[in-house]
Amino acid sequence: MVFYFSGTGNSRFVARRIAKAVGQEAVDITAYTKTMERPEFTESGVYVFVCPSYMSAPARAMTDFLGWAGFPEGIKAYFIVTCAASMGITPKVYSELCEQKGLEYMGSAQVEMPQNYIALFTTKKVEENIDILEKAEIEIDRIIGLIVNGEVLETKKIGSLEYSVTKWVRDIYYKDFMKTKKFKATDKCIACRKCVKVCPLSNITMKDNRPVWGNKCTHCMACINQCPKDAIEYGKGTVGKPRYKGPESGV
Ligand SMILES: Cc1cc2nc3c(=O)[nH]c(=O)nc-3n(C[C@H](O)[C@H](O)[C@H](O)COP(=O)(O)O)c2cc1C
Ligand code: SF4
Ligand code: SF4
């Protein structure tokens, strides 16, 4: 089975490509996390999990899902991390989770994809992002070959100091900085509700024909990047910045 979490489509793109190559469907984990129904998976075969790196670790939506869902004992679990530069401590986070859940850890592979975190950074020019995607496709094909042959993905070793410091910074970031107070819709908003539909955490509602952000945000950047009118801003920092329209974005 191939599971994914994705804000702006990069991980969805990777998951669908892998799923197609192994003759399966790519499953969006938010189908389960939105309903809060605890799934119990029983299928045999390999399991692949695709998810972005957030603050040098897997997005919490995926680690929560892995901790909470039921999987067959001892299944082989592969992890693919999409990131703009580095997957950070992700391999250690996933290998520990596998140990806790009784899954066989088959390694983590990073796929460099375009930057989507426009609240903090700037995505590259369209042509540069196309180039990144072309290189990513070659890497995805290499990873597919390893999975199909049942090989372990090579994975970097994480030192205990790097692990503890990164986890500490990440926890603070989630607690104190992943807020929605700075999101607002400008007068360019046409009340199309796309932001409501693309939010993987169902964190946006409409009031008086304008989006309103709740408190469950994971800063995935789906709403701000996918608004068809570029009507969403995150404070002043995103004004005039290009939005990232990735492959497989939208719902
Ligand atoms: C909240 C947030 C944190 C991020 N942190 C990192 C990071 O630590 N390292 C990195 O290389 N990329 C980071 N990125 C970039 C994403 O990992 C990358 O663009 C990813 O492919 C987005 O996947 P998606 O389109 O499936 O959501 C971050 C993006 C977001 C939104
Ligand atoms: S996606 Fe953009 S235009 Fe559509 S409702 Fe949301 S803010 Fe308004
Ligand atoms: S509110 Fe926007 S940034 Fe936050 S989780 Fe939803 S789509 Fe992502």
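## Cores and ligand shells in a predicted model

Ala26 is part of strand β2, which covers residues 26–28. The model described here is predicted. Setting aside residues up to four places away in sequence, Ala26 touches Val2, Tyr4, Ala15, Arg16 and Ala19. Lys157 is 131 residues from Ala26 along the chain, and the C-alpha atoms of the two are separated by 29 Å.

The largest nonpolar core contains 51 residues. Within this core, the residues with the most contacts are Phe3, Phe49, Phe65, Phe71 and Phe183. At least three of its residues come from domain 1 (2–169), and at least three from domain 2 (180–234). A second core, separate from that one, has 24 residues, including Ala136, Ile140, Leu146 and Ile147.

Phe65 can be followed further. When its neighbours within four places in sequence are left aside, Phe65 is in contact with Phe3, Ile29, Tyr32, Thr33, Pro39, Phe41, Phe49 and Phe71.

The ligands come next. Around ligand 3 there are 13 residues, and the closest are Cys199, Trp213, Cys217, Cys220 and Cys223. Ligand 2 is surrounded by Cys189, Ile190, Ala191, Cys192, Arg193, Lys194, Cys195, Met206, Pro211, Cys227, Pro228 and Ile232. The table gives the make-up of each shell.

| Shell | Nonpolar | Polar | Charged |
|---|---|---|---|
| Ligand 2 | 10 residues | no residues | two residues |
| Ligand 3 | 10 residues | three residues | no residues |

The shell of ligand 2 thus includes two charged residues and no polar ones, whereas the shell of ligand 3 has three polar residues and no charged ones.

Methods:
Residues numbered from 1 in each chain as written. Chains lettered and ligands numbered in written order. Predicted model: local features only at pLDDT ≥ 70, side-chain atom pairs only at ≥ 80, totals over all residues. Heavy atoms only, no water. Near = heavy atom within 4 Å. Nonpolar A, V, L, I, M, F, W, Y, C, P; charged D, E, K, R; others polar. Core = buried A, V, L, I, M, F, W, Y, C linked by side-chain atoms within 4.5 Å. Buried < 20%, exposed > 50% of the residue type's maximum accessible area, 1.4 Å probe, protein only. Domains from an automatic or database assignment. Contact = heavy atoms within 4.5 Å. Helix = DSSP H or I, 4+ residues; strand = E, 2+ residues; numbered from the N terminus.
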